[in-house]
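Biologist: I am new to reading protein models, so please take me slowly through one part of this one: how its strands pair.

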Amino acid sequence: MNMDTLILNRYDLTLTEGLTVDLDVCKFLKSGCLGIPTAVTDGDILLSDLSTDLLKYLSKLSLSGFTKLRLASFASVELLKYLGNIINCFKLKVVTLDLRLNSKHFSDSITYIIDDGFLKYFDIVVMDFNDLSYVAKDLSSGSLSKIAEALYNRFGCGNLLLINYIRDSLYYNALYSNGEYVELGMSFRCSKDLVGAYLTLKSNPGIKLVDLLRDALNLCKYSFEFGLRLNHELVIPNVYSTIELDAERYKVVSELSEAVKLLEDNSDLVINLTPKVQMNVAYALPKPFFTGLNDVAAIPGRIIRINDRVKAVDAPKFGASKHLARALMKIMEFNPNMRSIANIRYGNDVLEVVKELGYTCSYYDRREEPPEVKLVEGASIPWGVEQAIKRIGYVPDVIYHTGDYGKEAMIAVIGRNPLDVVNKILRIGIKLRDRIKDR
């Protein structure tokens, strides 16, 4: 792996922006880079200015192997001027503007960056719309395209990316280049350092910048959606979230397949527990990846009785059982560790065995369901599950109801994973079998 990218950015202790985000993107893309801190900050607070030491280091550093420069503008004038002198050593130069921080701690840097032509050296300039007031307050009332065009002409850069312009509750990101304008609307705020690092590392001849931008915004979306939320505004991005999500989806399907096979291999214990509507087993992605019904895997067509055996109709798939998924969504609101559920037939004999085995148990009465709940498609199961959980104050091993007009009575077996659920079902089946033998 060639170390061809030099990254200069602040190290921020919140980990929400700065050098750590850059280096995470480097590792995610398997790109060789040298990351050097220009300062140490805690959000907006400057803890240490490293400009002097960095100047000494750079003067001794051989730049012959570096072809790309990724710079965040939060730096002293002296450091920026030095970079201006050596910037032609790099084939690709990308800068993200930290004008708010510059204004607070290096106010003279803004004049050098904006008015003295520093940005003309850069192929890509990334700027957050919130920093517009530090450049030109008079532009804030114009359209995004006009603002981008004016900034592009003022900066003299190769390409301008103006991000996080809010319109109609959406965030818009504008890419302006030599008269060409592209605008991409998103439902989330994006990170200028994440986007800046991605564009630096992935930019190569023949690749359209707008295509890279779409990829960068997509990575940003998942990184923040599944990142570590510190508070309402601060999120530590997780650039590996897409890889982790794929791994979790594979794990869910794999564990569910193993559990279903265990049911099939023990058909003699299970067949007497199969309800008229047939059986199914569901397994949800873990938090924070679990966001809705389609994040629950189950068996399409269910697990059915065939003569004296039970058999899964198909392999597990996500979104295959809305009923069990709705139940799990409500269960995980109370206990996110209880991620699996299966339905078996209702019967007094089954309930007696459940109690003999020491399983915790609760119930709800569908006849008590409020009319306004019955009128809403899919609302009955979450309502019932919530009633059962609140009845005892925690998520039990078993929740049951005795049915209603046109609704078969049912028992739901709940567990941490499908193997946990299936083992509970098999213990119930063994106990029922032994009872029959003893008669």
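Modeller: Let's begin with how far to trust the model, go on to the strands, and end with a few details elsewhere in the chain.

This is a predicted model, where local features need pLDDT of at least 70 and side-chain atom pairs count only at pLDDT 80 or more, while totals for chains, interfaces and linings use all residues. Residues are numbered from 1 along each chain as its sequence is written, and side-chain values use heavy atoms, leaving out hydrogens and water.

The mean pLDDT (the predictor's confidence in each residue, from 0 to 100) is 93 for the protein, and 99% of the residues reach 70 or more. Confidence is highest in strand E12 (residues 281-284), at 98, and lowest in helix H13 (residues 371-374), at a mean of 84. Such helices (H or I, at least four residues) and strands (E, at least two) are DSSP runs, numbered from the N terminus.

Now find E12 again, this time in an open sheet of seven strands. Their order is E16-E13-E12-E17-E20-E19-E18, with mixed pairing; two strands count as paired if DSSP finds at least two bridges between them. Strand E16 (317-318) and strand E18 (361-363) are the edges, each pairing on one side only. Inside this order, strand E19 (residues 398-401) and strand E20 (residues 410-415) run antiparallel over four bridges. You can pick out one of their contacts by looking for histidine 401, whose bridge partner in E20 is methionine 410.

Between E12 and strand E13 (296-298) lies a loop that holds proline 288. A cis peptide bond joins lysine 287 to proline 288, with omega about 5°. Most peptide bonds are trans.

Another pair to look at is strand E14 (residues 303-306) with strand E15 (residues 309-312), antiparallel over four bridges. Here arginine 305 stands opposite valine 310 in E15. E14 and E15 make a hairpin with two residues between them, and asparagine 307 in the turn has a positive phi of about 55°. Positive phi also occurs at aspartate 168, near 55°, in the loop between strand E7 (159-167) and strand E8 (170-177).

Finally, try a side-chain contact. Aspartate 128 and arginine 189 form a salt bridge (a side-chain nitrogen of Lys or Arg within 4 Å of a carboxyl oxygen of Asp or Glu), with their closest N and O atoms 3.3 Å apart. This pair links distant parts of the chain, 61 residues apart: aspartate 128 belongs to strand E6 (residues 124-128), and arginine 189 to the loop between strand E9 (180-186) and helix H7 (192-202). The whole structure has 24 salt bridges.
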